[in-house]
Amino acid sequence: MNQQQIGKFLKHLRNDKGLTQEQLAEYFYVFSRTVSRWETGRNMPDVEMLIELADFYDVEIREIIDGKRISENMDNETRIH
């Protein structure tokens, strides 16, 4: 598990939604510096927050932990849930 890669992926997901760190922080009731620490790989979201982030970004938790999307070509039955 590479925290910096996870952070880059979280930043990419946030940018895809067109959100600032402040907006995301407000949505999840955390400080913007917390979001910054997640995105730089200095800290990791706890398990409950990982679940919420995965739901929010419509990705699998595994994708966040791997720091990349699971191939779009994979059949939904074979995706890790």
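This section describes the helical architecture, side-chain pairing and selected local features of a predicted model.

The protein chain contains 5 helices and 0 strands. Read from the N terminus, its elements follow the order α-α-α-α-α. Of the 81 residues in the chain, 33% are buried. The accessible surface of the chain amounts to about 5,600 Å², and carbon and sulfur atoms contribute 45% of this area. Among contacts with a separation of 6 or more, 53% involve residues 24 or more positions apart.

The packing of helix α2 (residues 21-28) against helix α4 (residues 47-57) was examined in detail. The axes of these two helices come within 12 Å and cross at roughly 115°. The crossing of α2 past α4 is right-handed. On the α2 side, the contact is formed by Leu-24, Tyr-27 and Phe-28. These residues meet Met-49, Glu-52, Leu-53, Phe-56 and Tyr-57 on the α4 side. Classified by residue type, the contact of α2 with α4 comprises 7 nonpolar residues, no polar residues and 1 charged residue. The charged class includes Glu, and Glu-52 of α4 is one of the residues in this contact.

Side chains of opposite charge can pair when their charged atoms come close. The structure holds 2 salt bridges. In one of them, the side chains of Glu-39 and Arg-14 meet with an N to O distance of 2.5 Å. Glu-39 belongs to helix α3 (residues 32-40) and Arg-14 to helix α1 (residues 3-16), so this pair ties together parts of the chain that are 25 residues apart in sequence. Both Glu-39 and Arg-14 are buried.

A salt bridge is also formed between Asp-66 and Arg-62, whose closest N and O atoms are 3.4 Å apart. Asp-66 and Arg-62 both lie in helix α5 (residues 61-66), where a spacing of 4 residues places them about one turn of the helix apart. Asp-66 is partly exposed, because its relative accessibility is 29% and the partly exposed class lies between the limits of 20% and 50%. Arg-62 has a relative accessibility of 40% and therefore also counts as partly exposed.

Helix α5 was further examined for its position relative to the N-terminal part of the chain. The C-alpha atoms of Asp-66 and Met-1 are separated by 6.6 Å, although the two residues are 65 residues apart along the chain. A separation of 9.3 Å was computed between the C-alpha atoms of Asp-66 and Gln-3, which are 63 residues apart along the chain. Glu-63 is likewise located in helix α5. The C-alpha atom of Glu-63 lies 8.9 Å from that of Ile-6, with their positions 57 residues apart along the chain. Glu-63 has a relative accessible area of 1% and is therefore buried, the cut-off for this class being under 20%.

Gln-3 is situated in helix α1. With a relative accessibility of 30%, Gln-3 counts as partly exposed. When residues up to four places away in sequence are not counted, Gln-3 touches Gly-41, Arg-42, Asn-43 and Met-44. Gln-3 thus appears both in these contacts and in the C-alpha pair with Asp-66 described above.

Backbone conformation was considered at two loop positions. Most residues other than glycine have a negative phi. Tyr-29 has a phi near 60°, a positive value in a residue other than glycine. This residue is found in the loop between α2 and α3. Tyr-29 counts as exposed because its relative accessibility is 79%, the exposed class being defined as over 50%. A positive phi also occurs at Asp-58, where the value is near 55°. Asp-58 is found in the loop between α4 and α5. The relative accessible area of Asp-58 is 67%, and this residue is therefore exposed.

In summary, the predicted model presents a chain of 5 helices in which α2 and α4 cross in a right-handed manner. The buried pair of Glu-39 and Arg-14 links parts of the sequence in α3 and α1, whereas the pair of Asp-66 and Arg-62 lies within α5.

Terms used:
Residues are numbered from 1 along each chain as its sequence is written. This is a predicted model: local features need pLDDT of at least 70, side-chain atom pairs count only at pLDDT 80 or more; totals for chains, interfaces and linings use all residues. Side-chain values use heavy atoms; hydrogens and water are left out. Axes are lines fitted to C-alpha atoms, for helices over the stretch in contact, and angles run from 0 to 180 degrees between N-to-C directions. A crossing is left-handed if the near helix is turned anticlockwise from the far one by less than a right angle, and right-handed if clockwise. Contact means heavy atoms within 4.5 Å. A salt bridge is a side-chain nitrogen of Lys or Arg within 4 Å of a carboxyl oxygen of Asp or Glu. Buried means under 20% relative accessible area, exposed over 50%, partly exposed in between (1.4 Å probe, protein chains only). Accessible areas come from the Shrake-Rupley method with a 1.4 Å probe; for residues, only the protein chains shown count as cover.
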